[in-house]
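Below are my comments on the model, set out as numbered points. Please read them with the structure open.

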Amino acid sequence: MALSVSSLAAALSHLSLPSTSTPKPHPAPLLRLRSTYRRAVSLALRASAAEAAESFEADLPAEEVMAVEEEAEEDALSGIALRKYVKQRLPGGFAAQRITATGRRKTAIARVVLQEGTGKVFINFRDAKEYLQGNPMWMEYCKVPLMTLGFEKNYDVFVKVHGGGLSGQAQAICLGVARALVKISNANRVPLKSEGLLTRDTRIVERKKAGLKKARKRPQFSKP
């Protein structure tokens, strides 16, 4: 029995069994492989998206491509970047510009500056569509004088407005733009005046009277 045990021990001594104290591989190489894989996947996705956008733009007509590019520019100009852009376009502020005018409606007062451009409108350092809450009628007020003369793509409009509501402010901007166009050329007065764009609308809310509910509304009369 002793011989068999000794022979078994000798046989086992020649075997190389893995020891439990072997250090585990460091996970850093695995993490590096994962990060490089993610980076490669993101680059591939960006490249495919760019190729898809190029093919999509190639299928679109030129006018729609220009509209998409303008929307992208408007998205890029937002917040602080838009404020910096307007200040760069207006060195010295509104008062230092060459083509300026003031428009009024109800209690709204708008100071307007015209510069050669592509037809953009900025109100109080914000895009006109955002400021006017996307209302098509109010946005059209700002461009009616330019559209009357066919200059809707020739000038950029910069506005600083206060007082009243958005409707009154939009109409004040309309009057200011029309007056600024007259400063550019006196020949613009005739078509603008024929459309009534140079006439100041003097209608305002009538003040409330003492003893009445509103300007003219009276309380119900009951005969004693």
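1. Arg203 has a relative accessible area of 56% and is therefore exposed. In this predicted model, Arg203 forms a salt bridge with Asp201, and the closest N and O atoms are 2.8 Å apart. Asp201 itself is partly exposed, at 23% relative accessible area.

2. Asp201 has a second partner: its side chain also meets that of Arg105 in a salt bridge, at 3.3 Å from N to O. This pair links distant parts of the chain, since Arg105 belongs to strand E1 while Asp201 lies in the segment after helix H8 (189-194), 96 residues apart. Arg105 is buried, with a relative accessible area of 7%.

3. A salt bridge also joins the side chains of Lys209 and Glu206, with 2.8 Å between N and O. Through shared partners, salt bridges connect Arg105, Asp201 and Arg203 into one network. Lys209 counts as partly exposed at 24% relative accessibility, and Glu206 is partly exposed as well, at 38%. The count for the structure comes to six salt bridges. As a general matter, side chains of opposite charge can pair when their charged atoms come close.

4. Which strands form the sheet, and in what order? Five strands make up an open sheet with mixed pairing, ordered E1-E2-E5-E3-E4. Strand E1 (100-105) and strand E4 (126-127) are the edge strands, each pairing on one side only.

5. At the E1 edge, the partner is strand E2 (residues 108-116), and the two pair in the antiparallel sense over six bridges. Within this pairing, Thr102 stands opposite Arg111 in E2.

6. Helix H7 (residues 166-184) lies across several strands of the sheet, namely E1, E2, strand E3 (121-123) and strand E5 (155-162). The direction of H7 is at about 145 degrees to E1.

7. How many disulfides does the structure hold? The number is zero. Cys142 is in no disulfide, and the nearest cysteine sulfur, that of Cys174, is 8.0 Å away. Seen from Cys174, the closest cysteine sulfur is that of Cys142, and because 8.0 Å is too far for a bond, the two are not joined. A disulfide would need the sulfur atoms within 2.5 Å.

8. Are these two cysteines buried or exposed? Cys142 counts as buried, at 1% relative accessibility. Cys174 counts as buried too, at 9%. The cut-off for buried is under 20% relative accessible area.

Key:
Residues numbered from 1 in each chain as written. Predicted model: local features only at pLDDT ≥ 70, side-chain atom pairs only at ≥ 80, totals over all residues. Heavy atoms only, no water. Pairing = 2+ DSSP bridges. Helix = DSSP H or I, 4+ residues; strand = E, 2+ residues; numbered from the N terminus. Contact = heavy atoms within 4.5 Å. Axes fitted to C-alpha atoms, helices over the stretch in contact; angles between N-to-C directions. Buried < 20%, exposed > 50% of the residue type's maximum accessible area, 1.4 Å probe, protein only. Salt bridge = Lys/Arg side-chain N within 4 Å of Asp/Glu carboxyl O.
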